[in-house]
Amino acid sequence: MLAFVLVGLVAFLYLPVSALPDVAYPTIQVQTFYPGASPEVMNATITAPLERQLGQMEGLNQMRSVNAAGASVITLQFGLTISLDVAEQEVQAAINDAGNLLPADLPAPPVYAKVNPADAPIMTLAVTSKTLNLTDVESLVDSRLGAKLSEIPGVGLVTLSGGNRPSVRVQVNTQKLAALGISLDNIRTDIANLNVSSPKGNFSGPTQSYTIDDNDQITDPGQYERLVIAYKNGTPVYLGDVAKIVSAPENAELGAWVNKTPAIVINIQRQPNANVIKTVDTIKAELPALTEGLPADLTVAVVADGTSSIRASVHEAEFELLLAVLLVVAVIFVFLRNWRATIIPSISVPVSLIGALAFMYLSGFSIDNLSLMALIIATGFVVDDSIVMIENVSRFLEAGLPPYEAALKGAGQIGFTIISLTVSLLAVLIPLLFMGDVVGRLFSEFAVTLAFTIVISAVVSLTLVPMLCAKILKPKAEERPSRFEAWDEAVVNRLIAAYGRGLDWVLARARATLLVALGTLALTIGLYVFIPKGFFPEQDTGVIEGISQAAQSTSYQAMSAHQQALADALLKDPDVASLTSYIGVDGTNETLNQGRFLINLKPLSQRSQSAARLIPQLERDVAGVAGVKLYMQPVQNLTLNTSVSPTQYQLVLEDLNADEFNKYEPELLTKLRALPELADVASDMQAAGQGVYVDINRTQAARFGITPATIDSALYDAFGQRIISTIFTQTDQYRVILTADPREMEAVASLGKIYLPSSTASGGQVPLSAVATFKVRPEPLLVEHLDQFPATTISFNVASGYTLGQAEDAINAAMKGLAFPPSLQASYLGAAGAFTAALGNEVFLLIAAIIAVYIVLGVLYESFVHPVTILSTLPSAGVGALIFLWLAGDGLGVIGIIGIVLLIGIVKKNAIMMIDFALHAERNEGKAAREAIREAALLRFRPILMTTLAAIFSGLPLIFGGGMGHELRSPLGVAIVGGLIVSQVLTLFTTPVIYLAFDALSRRVRGVAA
């Protein structure tokens, strides 16, 4: 056993630490950027070809795409049976197959990352400088820091927000250009030919070899002004004569801030299955070396560390585990009244728990909230075996046997009972191991850890505990009880006597007691039907995620002002430590009228309230910021969504006819916003953006020899931030971007100043206004697809005082009242969808657990009847668990269901201890059924009470522990403690009555058969 403990302690040092078991779906995000393209163009030319290829992949569960101005983002979620590496290979092959269908002038091919975009960053860095331009900062960070961070094991994606990637921008004065008879297309092709970096070859002489190079590439922006683009009347026309050349960001409509300071924000996301603690520790260790070569004026600060809440939560759970062990030992001392006897479980319980760590390591588990919850609950489980063994040995010591003989006889008598308890407990856990989907994967580690501990406990109780009893315990004659021990024994004896009188009274009124048992069963079913249903507790991780939304026609400059005003209001709250924010379409943020926030809170011990209670206060703080709304939600460790929405839960609408969304989605949105069960209902359907429609007069255009392709190209040159050339350096590449001078293009009428080359016009140029008219009309800011069909997403929070189950019931009722066409389908995604799936499996999970226990008990006792007697204790536990969960305001969620399943294992142990002794007395001693069950109940009263109180006290730290992660652990403690309190009172009286009822029934059946 000592070696076993040492192995467990060594395993503890190497077990990874995380918030929850890593059970996320394999997820890959594919991003494609095409500057200047509208959402419809992105969808038609890029997303659709990619979706056709990606949709053919095996094991693909969900494919969701969002098309915004210049950006296409496709998120692929695979089944749990597909490994991420296999999925990556399939994605790369699909992208390659779609390559010939993508636009030829695409600046860069699609790129993918093995990350879930809905996951919060594991670390956020902010890079600022008081003297350097942000374009220079971006260049340094991208080439020196970002690339190195991406190479660290476990890092999935490094995103630089702020968008100040340097470039050379050629801002053309279209009026001067037209006066010279030069078109924008001429400028584009000239620059592309004047700035090149092409191979020139090499040659070898008689004795030496030479590499050929020339000054074909222009790296200095000032040199572009001296480029000759044409000759007019024998005089060269320089690019600087018709354009302003500036060093500026590649995308001028991207910005990021740390608090209110402009910065380059580095968000680091982990790969699925990566050890988050190890990854962050590696980043921190390597960060000094990575920043060593950067300019002294450059400040790299860690703004947020996503592991701080994980470490605090795990530390709190470890403390609760230690507290549970101490409380259980205290319970044992009170009942055994002997410090020698108390030493034995004080040794056996830690041995069982530490031994389980070795098997956790071999199974690839981690130390997380769920595995620690399993060990905390196991404290009450594993002590039962030791208690039963010690109490039985103590009975023989009190009868006068020496310690060695008492240990042998006690162990021999109780051995089968311990085996029965262990096997039946394992049977309870079997359904947890076969729960489906991500919830099943999540709790399989919990169940297996608990199973390891239970098996080890049985081995320890059958070997180590009897040995310690023989060595440590003394005969009754040698014991000198203290005053406390004598008082304690008198109290327990009076309690047993009172129980005996109560039991006799109940046995005399067996029929009424049976009615109470049946009433308990009916009450359990009724409570299950009416109790509010929830999913997973909302955690406080110390980070709040926010999405700001302004009017759909909001410009970058206006959105920037909104973002600063929101940040100013948020930072005034004393519970907010810092924040980062960014705006602009960059693949993570979808539209220009949206912004992102990551609000870092102070540690829980330094805060006035939890994140969930702080959010309403922050909403009031920002309510005074006009023209923008900020949606907030706490960042969760368990992420089942594949996209970030303004609020927590997602309802998606799908329709083959995207135009029907405009009619029915606002109607549904109005009804949902009126529901009291919902809060912060939002939609990502943004069809009211402002667009300029260029209506080409094809007849007039043909007269001037102008085609729509010519017009599109000229517009793209002027307004699309078109990449026309690339500057190559040793470490990076920078773009040369062509635009019209923004000072000339501030109104819709400015489009008419774009001149088009004409083969028939006298001047060779025709203004766009001569062949087209311009209309301002609503245009969608994004186009969304789900599994290749048009879709739109409505997101919502659950209002205070309600559960997710109540919210979904209200939504379903609201949708039934709307006359949706058959083609319009609604479904829940992410956490809401997982809840719907889990809710349908709850009853089957409980039934499966009961059936598994019945089969095992039937085999152990070779009876069809006695397992029913044992299982009759379960309704009382269910009543207690449901009532206490309801009173605690938790509702019945996944954690509560797990608690009820575990109650099946705990509560039936009491009945097993009674019935095992009663059957032994009937079969081996020839006693009558009534006498046998009464004697068994009185003899086993003390260990039953001990084991129940031990289990209750092991659950109390989960309820009252507080600290980080408390909201995850509390429902489990509430369910177990509440169920045990009620069941303990009822089953001590109902089990003997039910035993006698079934005994009489079986005798009657045997008599009829005879």
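Leaving aside neighbours within four places in sequence, Ser 457 is in contact with Ser 352, Val 382 and Asp 385, where contact means heavy atoms within 4.5 Å. Ser 457 is found in helix H14, residues 437-472. Helices (H or I, at least four residues) and strands (E, at least two) are DSSP runs, numbered from the N terminus. Ser 457 counts as buried because its relative accessibility is 1%; buried means under 20% relative accessible area, exposed over 50%, and partly exposed in between, with a 1.4 Å probe and protein chains only.

The model is predicted: local features need pLDDT of at least 70, side-chain atom pairs count only at pLDDT 80 or more, and totals for chains, interfaces and linings use all residues. Residues are numbered from 1 along each chain as its sequence is written, and side-chain values use heavy atoms, with hydrogens and water left out.

A second buried residue is Leu 227, which is classed so because its relative accessibility is 10%. Leu 227 lies in the loop between helix H7 (221-224) and strand S10 (228-232). Beyond its neighbours within four places in sequence, Leu 227 is in contact with Leu 194, Ile 218, Val 237, Tyr 238 and Leu 239. Gly 205 is 22 residues from Leu 227 along the chain, and their C-alpha atoms are separated by 35 Å.

Next come the sheets. Strands of a sheet pair through backbone hydrogen bonds, either parallel or antiparallel. Two strands are taken as paired if DSSP finds at least two bridges between them.

One open sheet has six strands in the order S14-S13-S18-S19-S17-S20, with antiparallel pairing. Strands S14 (261-262) and S20 (628-634) stand at its edges with a single partner strand each, so one side of each is left without a neighbour in the sheet. Inside this sheet, strand S13 (residues 255-258) runs antiparallel to strand S18 (residues 576-583), and four bridges join them. Val 258 stands opposite Thr 580 in S18. Helix H17 (residues 556-571) packs on the sheet and touches S13, S17 (543-550), S18, S19 (594-601) and S20; its direction makes about 170 degrees with that of S18. Axes are lines fitted to C-alpha atoms, for helices over the stretch in contact, and angles run from 0 to 180 degrees between N-to-C directions.

Another open sheet has four strands in the order S12-S7-S25-S24, and its pairing is mixed. S12 (243-249) and S24 (722-728) are the edge strands, each pairing on one side only. On average, neighbouring strands of this sheet are turned by 25 degrees against each other, direction ignored. S24 and S25 (residues 733-740) run antiparallel and are joined by six bridges; the bridge partner of Thr 726 in S25 is Arg 735. Helix H4 (residues 134-150) packs on the sheet, touching S7 (166-172), S12 and S25, and its direction makes about 140 degrees with that of S7. Helix H6 (residues 184-194) lies across S7, S24 and S25, running at about 15 degrees to S24.

Strand S15 (residues 264-270) is mostly covered, with six of its seven residues buried. S15 pairs with strand S5 (residues 123-129) in the antiparallel sense over five bridges, and six bridges join S15 to strand S6 (residues 155-161), also antiparallel. Ile 264 in S15 is the bridge partner of Val 127, while Ile 268 in S15 stands opposite Val 158.

At the surface, Leu 13 has its place in helix H1. Leu 13 counts as exposed because its relative accessibility is 66%.
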